[in-house]
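Student: I should like to learn how to read the backbone, the sheets and the helix packing of a protein model. May we work through one example together?

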Amino acid sequence: MWVSKAVPSHDMCEKRFWFMQYWSRLLIPTLKETPQDAEIPSHQLMLRAGLIRRLGSGLYTYLPLGWRALRKVEQIVREEMDAAGAQEVLMPAMHPKEIWEQTGRYDALQNVMFRVKDRQDREMVLGPTHEEVITELVSRELSSYKQLPVNFYQIQTKFRDEIRPRFGLMRCKEFIMKDAYSFDVSSEAADESYRKMYNAYVNIFRRCGLHAQPVEADTGDMGGSSSHEFMVPSDAGEDAILEADDGSYAANLERAEGRYDGPRVFEGADKEAVPVLTPKVGKIEAVAEYLKVDTRQLVKCLIYESDDGPLAVLLPGDRDVNEIKLRKLRPGAELASHARTEELTGAPIGFAGPLGLKLDLIADLSLEGAKGVITGANKADTHTLNVDLERDSELRNFADLAFPKVGDLAPNGSARLVEKRGVEVGHVFKLGTKYTEALDARFLDEHGKSQPMIMGCYGIGVSRTLQAVIEQSHDGNGIIWPISVAPYQVLITLISPKHEESSALALQLATELEKQGYDVLIDDRDERPGFKFKDADLLGLPLRLTIGERGLKKSEIELKARTDDSFTAIAVDQALESTLDRLRSMKEAL
């Protein structure tokens with residue numbers, strides 16, 4: 001609720017209606033206990049501080065304070081997008097299925113789409129993203145190089161049928177997202193649009209008080225040539241990040257590259273390859289234990305089917321294939337069934353090897369020059385010792401196929417890879433012409449020739465960003481809001497709400513602070529001071545002023561930033577200026 005308790009001067013009222021915010025009149029349902037279904041600190045604190053409430057799995061209602069903070073995040077996003085030259089639009093959340101069929105994503109994304117039918121039995125999609133919709137619009141409205149470049153964005157609700165919604169706003173079925181789409185005449189121009197959005201994202205997250213690290217990422221179902229994720233480091237993050245320990249490189253696990261500098265030549269390298277019985281021992285760890293060797297000396301041989309036919313993929317025994325990388329080399333690659341593997345190799349799972357195998361062979365770069373390794377013998381219960389891959393097989397093709405591991409060399413060849421966890425809050429893509437060709441978004445160039453527009457897309461999880469702020473900025477007592485996105489910047493706590501002098505001073509200070517553009521909440525509840533202070537720390541507003549009868553007798557009130565260890569006594573006649581000085585320093589620190 002909003003309660004009008006005072007109206008300032010006439011000139012201020014001409015600019016806006018003036019309402020003072022009192023805790024007793026707002027819905028701020030704080031909780032003492034941590035809800036059992038909240039797994040990570042930010043989710044726990046959003047529930048305990050009364051910012052959100054759960055309706056169902058992956059569905060949340062924003063309560064007044066949560067909504068205020070979310071709108072501040074949105075405003076920062078709008079300001080930076082506008083400054084980068086993007087134009088705001090609002091597209092339908094419900095889409096006809098035909099537009100998704102044109103790009104092939106109706107089937108590709110079927111596992112995450114919510115699908116409905118209207119009363120005419122027409123199939124519709126609740127939009128998980130809007131590449132198809134914006135490209136269809138652009139294909140009808142823009143036709144000349146003179147109209148490009150353009151960039152359109154929206155802030156809107158998205159719908160994705162997550163298998164396991166969890167962590168509050170981090171992984172929801174319904175969430176708020178900013179998505180933007182650029183259209184350019186050339187790859188060089190598209191690179192410039194990408195650069196502008198990248199820089200805008202850096203500014204957005206900085207202004208939100210977030211340390212968000214850009215990392216190289218795979219383009220996934222979005223397609224395109226390259227992308228970057230903006231990751232907020234967090235021990236509770238669902239995404240793994242591999243970065244160089246000198247800060248020169250960072251990428252998510254799916255995209256990461258590393259240089260293997262472990263052993264490639266093992267005992268037996270100068271000997272002839274010979275078979276050895278390994279009865280009923282097919283798994284890598286079991287074979288290594290049986291033969292008393294390190295798993296690195298073993299070579300996995302995995303059989304895949306692809307659009308170009310079957311192939312064998314070779315990796316060290318301690319490595320796993322990155323199928324995203326593999327599919328870029330061999331489109332459609334899928335692990336063959338047990339029966340198909342046995343048909344192609346003559347051996348059950350666990351005993352396939354490259355020697356004599358009449359299939360395309362491709363090995364991870366870490367196996368280049370490997371000698372003295374152990375492989376399957378394409379015969380049940382048998383492996384081959386002393387294998388020199390290039391001497392004994394037809395292997396000539398090496399590529400980066402494996403997931404790198406912690407401790408590998410970084411791409412620069414000097415630093416080492418370390419792992420961190422992170423929460424993705426933004427993602428920027430270079431899409432190329434995947435969507436513009438499918439939906440016929442073309443333009444006439446200066447020579448009158450028809451060309452497909454070059455496209456980029458740029459997403460920020462606005463609701464996820466709000467929770468990421470809390471995940472990164474909290475302590476054992478509660479939230480620590482950055483001043484830029486706090487629901488209120490100042491909390492004025494009244495020790496004795498019925499004391500007229502205290503209430504009058506609170507109202508006077510709040511009015512003057514509001515005139516300076518700061519949002520103020522007055523805690524006028526008739527509760528014990530200790531109870532109020534615990535709620536204040538839980539809520540985590542940046543600056544707290546405490547007004548009590550005892551202090552006023554000395555013409556003092558107390559000032560405390562959420563990050564301070566103790567209160568500072570300030571004179572009443574200096575209270576406004578001292579508060580403004582502290583607030584300005586907080587803004588400058590962002």
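Tutor: Let us begin with a single residue, bearing in mind that this is a predicted model. Buried means under 20% relative accessible area. N386 has 12% relative accessibility and therefore counts as buried.

Student: Where does N386 lie, and what is its phi?

Tutor: N386 lies in strand β20. Its phi is positive, about 65°, although the residue is not a glycine.

Student: Which residue in the loop between β19 and β20 should I examine next?

Tutor: Please turn to N378, which is placed in that loop. N378 is not a glycine, yet it has a positive phi of about 55°. Because its relative accessibility is 15%, N378 counts as buried.

Student: How many residues separate β19 and β20 in their hairpin?

Tutor: Five residues stand between the two strands of the hairpin, and N378 is in the turn. Strand β20 covers residues 382-387, and its pairing with β19 is antiparallel, over three bridges. T375 stands opposite T384 in β20.

Student: What general idea helps in reading side chains along a strand?

Tutor: In a regular strand, side chains alternate between the two faces of the sheet. As for the sheet here, its three strands follow the order β14-β20-β19, with antiparallel pairing, and the sheet is open.

Student: Which strands stand at the edges of this sheet?

Tutor: The edges are β14 (274-277) and β19 (373-376); each has a single partner strand, so one side of each lacks a neighbour in the sheet. On average, neighbouring strands of this sheet are turned by 35° against each other, direction ignored.

Student: How are the strands ordered in the open sheet of six?

Tutor: The order is β1-β29-β28-β30-β31-β32, and the pairing is mixed. Its edge strands, β1 (21-22) and β32 (568-571), each pair on one side only. Within this sheet, β30 (residues 543-547) and β31 (residues 556-561) run antiparallel and are joined by four bridges. R544 stands opposite K560 in β31.

Student: Which strands of the sheet does α14 touch?

Tutor: Helix α14 packs on the sheet and touches β1, β28 (490-494), β29 (520-523), β30 and β31. The direction of α14 makes about 175° with that of β28.

Student: At what angle do α14 and α17 pack?

Tutor: Helix α14 (residues 500-515) packs against helix α17 (residues 575-589) at an angle of about 40°, and their axes are 10 Å apart. That angle makes α14 oblique to α17. The crossing of the two helices is right-handed.

Student: Which residues meet where α14 packs on α17?

Tutor: From α14 come L509, E512 and L513, which meet A575, L576, T579, L580 and L583 in α17. Sorted by class, this contact has six nonpolar residues, one polar and one charged.

Student: Where is the cis peptide bond?

Tutor: The bond from L148 to P149 is cis, with omega near 5°. P149 is placed in the loop between α6 (131-141) and β8 (150-159).

Student: How would one summarise the protein as a whole?

Tutor: The protein has 17 helices and 32 strands. Its C-alpha trace spans about 95 × 65 × 50 Å along its principal axes. Of the 590 residues, 51% are buried. Among contacts between residues at least 6 apart in sequence, 69% join residues at least 24 apart.

Terms used:
Residues numbered from 1 in each chain as written. Predicted model: local features only at pLDDT ≥ 70, side-chain atom pairs only at ≥ 80, totals over all residues. Heavy atoms only, no water. Axes fitted to C-alpha atoms, helices over the stretch in contact; angles between N-to-C directions. Parallel < 35°, antiparallel > 145°, perpendicular 65-115°, else oblique. Left-handed = near helix turned anticlockwise from the far one by under 90°. Contact = heavy atoms within 4.5 Å. Nonpolar A, V, L, I, M, F, W, Y, C, P; charged D, E, K, R; others polar. Pairing = 2+ DSSP bridges. Buried < 20%, exposed > 50% of the residue type's maximum accessible area, 1.4 Å probe, protein only.
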